[in-house]
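Here are some short exercises on salt bridges, burial and domain layout. Have a go at each one before you read the solution.

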Amino acid sequence: MDNYCKLIDDMKVVCDKMLNENSHFSPNVGDMVCGLIEDGELWSRGIVLRTTPQIRLAAIDESRVFDTVSCTPVPKEFSNICSMGVMGKLLPNTQMPEPRPSDLQFTVDNVSSESAMITLKSEEVENIGKAIINKWIPKSEEKGILYAPLSNGNEVMLMHFSSQNSLHVRNMENLEKERVHKLDQDVAKYALNPKPLSAPLVIGQIVLAHYILDNNYYRAIVTAIKDKKVVIKYIDYGNDEEVSTDKLFELSEELKEQTSGIRKIKLKDVPENVPLTQEVKDYFDQLIINSTILKCTFTGDPLKDGVVLKTDKNENVNDVVRTYLKPTWERGVEDDKKVYTLYDLPDPKLGDVGDLIKAIVLCYYEENGSLILCPDDQIALNAIYYDMQKIIDKYIEKTTNHYIPRDEELCIAKYQDKFYRAVCIHSAATPNESRVLFMDYGNTELVLHTDIRLFTEDFTRFPAFGIICSLSPTIPEEKLTLPVSKRIAELLPTSNSITVKIISIDDDHSHQVEIPELKVKLIEEGLL
């Protein structure tokens with residue numbers, strides 16, 4: 001107990017002083033150090049598991065893994081104290097009482113070189129039962145993925161990107177190429193006899209994944225679990241995929257702990273808070289398809305501080321991306337006068353047929369019983385209502401020419417004091433106005449021609465957020481009377497989140513949906 005108190009109280013004083021004297025201490029993987037836990041109140045001894053993007057420690061006195069905000073060498077007076085962290089397992093005939101005792105105690109029955117048998121007790125229960133304790137060794141998943149080494153001036157190849165500032169590259173230096181090639185071969189040999197999963201999957205689990213497109217197997221980590229589907233990220237390539245659980249298998253601890261075949265980087269001095277443009281996507285895709293070799297230079301950390309990438313023809317990738325991220329009207333690109341329609345946008349989708357999902361009501365049309373819904377997805381909401389809106393606002397500041405759209409043509413139209421994406425329903429609804437549908441909100445309005453602007457390629461990055469839905473699976477057409485429709489409008493107020501089952505998706509991307517709670521309510525009220 002004295003040694004434990006020293007680690008809790010005395011070590012903090014010494015480590016705080018050492019940190020003030022040398023705040024630039026930089027450990028290596030495998031070093032024993034003291035790490036400051038995020039709340040800044042406690043220091044813990046630990047083994048360095050990785051150094052980027054943050055220093056990760058296996059805390060030997062707490063039996064857990066954490067990312068430290070600061071670290072120092074272990075002070076000499078604390079280096080010879082035995083580790084306090086152990087892992088325990090109750091024997092089959094032992095059950096922990098509920099509620100869990102706060103004063104759990106134990107006596108040691110016998111000790112071997114690998115483990116110890118103990119008897120558990122508390123003030124309330126004299127003999128809870130027996131357990132085995134072992135030295136704590138962090139699991140591969142706890143350690144996290146160790147990214148491939150990367151040095152200033154190395155040649156790399158782009159493997160995957162999710163944004164202009166989240167790229168995965170492969171180090172093409174000879175030693176690293178040989179290591180990754182051997183890793184691929186080892187995974188392929190292991191996959192000759194894939195072992196089924198022994199337990200339900202958990203997020204963060206490292207597995208062997210069967211990739212259908214080339215019929216090979218790769219290492220992957222589980223990032224999300226959705227009913228019978230699992231989202232995984234391929235550890236050595238960077239891409240994500242949604243798969244069924246029958247495509248996933250156990251992976252040996254040895255293969256789990258192998259360093260990744262890629263390194264995550266960001267581009268230096270490239271804007272982060274702007275949406276990825278189609279031109280940047282196309283440019284990155286060409287770099288990947290052509291296996292373009294890029295020289296990577298940086299000072300500091302490649303992910304935190306960023307890198308500069310150049311082709312063998314000295315083309316600066318960072319400069320190209322910065323240019324392509326600028327809206328066309330800022331680049332002085334000649335307007336091609338292209339007419340954009342809904343078919344030029346990505347396909348809108350609430351989910352897959354059969355899915356039971358959360359959606360937000362944008363608008364309900366009493367006259368025909370159609371409903372405009374959008375996904376109840378915070379990321380998507382931010383993309384449309386924040387990121388896209390910033391682009392539109394900048395465009396309106398620089399564009400004064402009004403525009404008269406054709407029927408079914410996309411445009412930028414004013415509603416109250418702001419401009420939004422819209423599709424023209426009737427170009428000449430009145431001599432001075434067009435009737436438009438605000439595709440991300442669901443409402444239709446008459447808008448003066450002087451309050452309409454030309455739609456450009458910059459606004460085609462996101463699908464129409466409002467998706468037209470038919471309630472026919474919920475309310476048969478012959479039962480959709482005016483009183484029923486009015487009651488539906490009351491039960492489905494705008495901005496309300498509802499549970500929807502997708503019955504079918506038509507060729508024009510409109511959805512046939514069922515709303516279970518709505519149907520039950522209408523039946524209770526005698527309207528169905």
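The exercises below work through this predicted model.

**Exercise 1.** Find out how K12 and D16 interact through their side chains, and where they sit in the secondary structure.

*Solution.* Start with the atoms: a nitrogen of K12 and an oxygen of D16 lie 3.0 Å apart, so with a 4 Å cut-off the pair makes a salt bridge. Next, look at the backbone. Both residues belong to helix 1 (residues 2-21), and because they are 4 residues apart there, about one helical turn separates them. Last, check the surroundings: K12 has a relative accessible area of 22% and is partly exposed, and D16, at 25%, is partly exposed too.

**Exercise 2.** For K256 and E253, work out whether each one is buried, partly exposed or exposed.

*Solution.* First, confirm the pairing: the two side chains form a salt bridge, with 3.4 Å from N to O. Then place the pair on helix 5 (residues 253-256), where a spacing of 3 residues puts about one helical turn between them. Now for the accessibility. K256 comes out at 11%, which is under 20%, so K256 is buried. E253 comes out at 43%, between the 20% and 50% limits, so E253 is partly exposed.

**Exercise 3.** Describe the link between K349 and D352, then say which residues are joined into one salt-bridge network.

*Solution.* Take the pair to begin with: K349 and D352 form a salt bridge, and their closest N and O atoms are 2.6 Å apart. K349 is partly exposed at 48% relative accessibility, and D352 is partly exposed at 35%. Now for the network: R487, E490, K521 and E525 are joined by salt bridges that share partners. To finish, tally up: the model has 23 salt bridges.

**Exercise 4.** Is R56 buried or exposed, and which residues does R56 touch beyond its sequence neighbours?

*Solution.* Locate R56 first: this arginine is part of strand 3 (residues 55-59). Its relative accessible area is 15%, so R56 is buried. Then skip the neighbours within four places in sequence and list the contacts: I47, V48, L49, R50, V65, F66, D67, E142, K143 and G144.

**Exercise 5.** Lay out the domains along the chain and give the separation between the centres of domain 2 and domain 3.

*Solution.* Read off the bounds: domain 1 covers 1-73, domain 2 covers 86-135, domain 3 covers 154-322 and domain 4 covers 344-519. Then take the centres over C-alpha atoms: those of domain 2 and domain 3 are 44 Å apart.

How values were computed: Residues are numbered from 1 along each chain as its sequence is written. This is a predicted model: local features need pLDDT of at least 70, side-chain atom pairs count only at pLDDT 80 or more; totals for chains, interfaces and linings use all residues. Side-chain values use heavy atoms; hydrogens and water are left out. Helices (H or I, at least four residues) and strands (E, at least two) are DSSP runs, numbered from the N terminus. Buried means under 20% relative accessible area, exposed over 50%, partly exposed in between (1.4 Å probe, protein chains only). Domain bounds come from an automatic or database domain assignment. Contact means heavy atoms within 4.5 Å.
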